[in-house]
Amino acid sequence: MIKQKIPGKPVTVTINGKKYRANEGEILLSVAIREKIEIPHLCYEASLDPYGACRLCMVEVVRKGKREMATSCTLRAADGLEVLTDTPEIVKHRSILFELYLAEAPKSDVIRDMAAHYGVTRTRFLKRIEQGDPLGNKCVLCGLCVRACSEIMGAGAINFINRGPYTVVNTPYYAPSRDCFGCGACVRVCPTNAIEMEDVGADRVMKSWSDTRVPLSQCECCGRYYAPRELSASVLARLDTPLKEEISRLCPECRGKQLAQNEILAGRGGRATHG
Ligand code: SF4
Ligand code: FES
């Protein structure tokens, strides 16, 4: 479960010699993102606790004249914290990592463009290309999809499988998942656009997850299939003010129109029908 964090007291941090305001305990990478300071990253997602898996967001922390490397997604702002984001050591570290990611996800345009932005266009490592890879040889094993599925959605439909160089992410035994809601959280958090999902007729098909099929709700007004059935039912069940049955069977657009019409009718002395 994601905990809501209370902002700490205001502090001053120094990034590349310039001072910035932050909240004590705030993630340094999020301060950098807010201040538009470029630090490459793959496994940071604001809605999940930082994990420090990809190592791309390394910075150098300056303490008492000494420097040490740290991942900026796990580094917390404190008064007087000083970091450098582009030292020769950091550039070297990043370049090697980009080479590794170019080999790990050789078909990823995102990785290719990101690496090129930092001057890395080739890899000395053996490229991992698997025919028929469900993730299109674009996965960097950052784990965000696995964590979003279990920590945000509570589904746990996917996980790391196999070990060492054979590690991949997928459903257990590559079997269609019964735990998947088809919510698409994995698709949204994936930094390399590796996960394929498509709505086909009355089903959402999670193509990368062993073609898991999830039934969609159909709008009773326009006939469109619009959201995974189980997911929309659970969202509607959690509304503070329940919708009337006939309204709840509409897609969001038709529902909005119907509610607006009801408001107009109610304003004219007509009979409102929403819950
Ligand atoms: S599929 Fe995407 S989100 Fe999941 S581990 Fe691979 S790169 Fe990360
Ligand atoms: S974003 Fe910090 S280690 Fe991946």
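Trainee: Let's start with Ile96: in which helix is Ile96 found?

Mentor: Happy to begin there, and keep in mind that this is a predicted model. The helix in question covers residues 88-104, and Ile96 is found in it. Its name is helix H2.

Trainee: Is Ile96 buried, partly exposed or exposed?

Mentor: Buried would require under 20% relative accessible area, and exposed over 50%. Ile96 has 35% relative accessibility, so Ile96 counts as partly exposed.

Trainee: Which residues form a nonpolar patch on the surface, and what is their accessible area together?

Mentor: Ile96 is one of the residues in this patch. Leu100 and Phe125 join Ile96 there, and the accessible area of the three together is about 230 Å².

Trainee: What residue meets Asp86 in a salt bridge, and is that partner buried or exposed?

Mentor: Asp86 itself is partly exposed, at 47% relative accessibility. The side chain of Asp86 meets that of Arg94, with 2.9 Å from N to O. Arg94 has 2% relative accessibility, so the partner, Arg94, counts as buried.

Trainee: Which residues are linked with Arg128 in a network of salt bridges?

Mentor: One contact is between the side chains of Glu130 and Arg128, at 3.2 Å from N to O. Glu130 is partly exposed, with a relative accessible area of 35%, whereas Arg128 counts as buried at 18%. The residues linked with Arg128 in the network are Glu104 and Glu130.

Trainee: How many residues apart in sequence are the parts that Arg213 and Asp203 tie together?

Mentor: Arg213 forms a salt bridge with Asp203, and their closest N and O atoms are 3.0 Å apart. Arg213 lies in strand S10 (residues 212-218) and Asp203 in strand S9 (residues 203-206), so the pair ties together parts separated in sequence by 10 residues.

Trainee: And how many salt bridges does the structure hold?

Mentor: The pairs Asp86 with Arg94 and Arg213 with Asp203 are among them. For the structure, the number of salt bridges is 15.

Trainee: Turning to ligand 1, how do the residues of its shell divide into nonpolar, polar and charged?

Mentor: The residues surrounding ligand 1 include Cys139, Val140, Leu141, Cys145 and Ile195. Of these, Cys139 is buried at 17% relative accessible area, and Cys145 is buried at 9%. The shell divides into nine nonpolar, two polar and no charged.

Trainee: With cysteines around the ligand, how many disulfides does the structure hold?

Mentor: A disulfide is a covalent bond between the sulfur atoms of two cysteines. Cysteines such as Cys142 and Cys190 surround ligand 1, yet the number of disulfides in the structure is zero.

Notes
Residues are numbered from 1 along each chain as its sequence is written. Chains are lettered from A and ligands numbered from 1 in the order in which they are written. This is a predicted model: local features need pLDDT of at least 70, side-chain atom pairs count only at pLDDT 80 or more; totals for chains, interfaces and linings use all residues. Side-chain values use heavy atoms; hydrogens and water are left out. A disulfide is a pair of cysteine sulfur atoms within 2.5 Å. Buried means under 20% relative accessible area, exposed over 50%, partly exposed in between (1.4 Å probe, protein chains only). Patches are made of residues with over 30% relative accessible area and no salt bridge: like charges are joined within 9 Å, nonpolar side chains (Val, Leu, Ile, Met, Phe, Trp, Tyr) within 5 Å. Accessible areas come from the Shrake-Rupley method with a 1.4 Å probe; for residues, only the protein chains shown count as cover. A salt bridge is a side-chain nitrogen of Lys or Arg within 4 Å of a carboxyl oxygen of Asp or Glu. Helices (H or I, at least four residues) and strands (E, at least two) are DSSP runs, numbered from the N terminus. A residue is near a molecule or strand if one of its heavy atoms lies within 4 Å of it. Ala, Val, Leu, Ile, Met, Phe, Trp, Tyr, Cys and Pro count as nonpolar, Asp, Glu, Lys and Arg as charged, and the others, Gly among them, as polar.
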